[in-house]
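Visitor: I'd like to walk through this one with you, a question at a time. Mind if we start with the picture?

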Amino acid sequence: MNSALARLGGIFFIASADVGLAIYNRYAVEQHGPPVSSRCSLDRSFSRTHNRATCPENFEQKLHEQVLWWVALGVYAACTLFAVLFNIFNY
């Protein structure tokens, strides 16, 4: 896939399907144990996006690619920290 727009659409589709399935399983399906947080699924989607954005396809990175890498790493770290703290302090 060489088109950046097609990649973005694919990532958005996969992330939306993952979060939608988690929300459906939480509210529409009868639970037999403690419920799993939908934020965990959202964080998993962000981690997949981050992994795709940070895996370089070439070794000649431009400045905006390096900035994007650090921004994606910061967003991923913030989402992971939020998910962990939310699950610890949400009773």
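Visitor: How far does helix 1 (residues 4-27) reach from its first C-alpha to its last?
Guide: Keep in mind that this is a predicted model. Helix 1 has 24 residues, and at 1.5 Å a residue a span of 34 Å is expected. The model comes close to that, with a reach of 35 Å.

Visitor: And what order do the elements of the chain run in, from the N terminus on?
Guide: The chain has three helices and zero strands. That leaves just one kind of letter to write, and the order is α-α-α.

Visitor: Which residues in helix 1 are buried?
Guide: Of the 91 residues of the chain, 15% count as buried. An α-helix has 3.6 residues a turn, so residues three or four places apart point the same way. With that in mind, look at the buried residues of helix 1: Ala15, Asp18, Val19 and Ala22.

Visitor: Where does UniProt place the "transmembrane region"?
Guide: The feature comes from an unreviewed entry, and annotations may be inferred rather than shown by experiment. In the model, residues 67-89 are 100% helix and 0% strand, with the end C-alpha atoms 33 Å apart. That stretch is where the UniProt record puts the feature: residues 67-89.

Visitor: Is Val84 buried, exposed or partly exposed?
Guide: Val84 sits in helix 3 (residues 63-89). Together with Leu81, Leu85, Ile88 and Phe89, Val84 makes a nonpolar surface patch of about 490 Å². Its relative accessible area is 43%, and because that falls between the 20% and 50% cut-offs, Val84 is partly exposed.

Visitor: What kind of aromatic pair do Trp69 and Trp70 form?
Guide: The structure holds two aromatic pairs. In the one formed by Trp69 and Trp70, the centres are 4.5 Å apart and the planes make an angle of 85 degrees. Since planes over 60 degrees apart fall in that class, the pair is edge-to-face.

Visitor: Which of those two counts as exposed, Trp69 or Trp70?
Guide: The cut-off for exposed is over 50% relative accessible area. Trp69 has 29%, so Trp69 counts as partly exposed. With 58%, the exposed one is Trp70.

Visitor: What separates the C-alpha atoms of Phe82 and Asp43?
Guide: Phe82 is found in helix 3 and counts as partly exposed, at 46% relative accessibility. Along the chain, Phe82 and Asp43 are 39 residues apart. In space, their C-alpha atoms are separated by 9.0 Å.

Methods
Residues numbered from 1 in each chain as written. Predicted model: local features only at pLDDT ≥ 70, side-chain atom pairs only at ≥ 80, totals over all residues. Heavy atoms only, no water. Patch = residues over 30% accessible without salt bridge, like charges linked within 9 Å, V, L, I, M, F, W, Y side chains within 5 Å. Areas by Shrake-Rupley, 256 points an atom, 1.4 Å probe, with all protein chains shown as cover. Salt bridge = Lys/Arg side-chain N within 4 Å of Asp/Glu carboxyl O. Helix = DSSP H or I, 4+ residues; strand = E, 2+ residues; numbered from the N terminus. Buried < 20%, exposed > 50% of the residue type's maximum accessible area, 1.4 Å probe, protein only. Phe/Tyr/Trp six-rings, centres within 6.5 Å; stacked < 30°, edge-to-face > 60°. Expected span 1.5 Å × (residues − 1).
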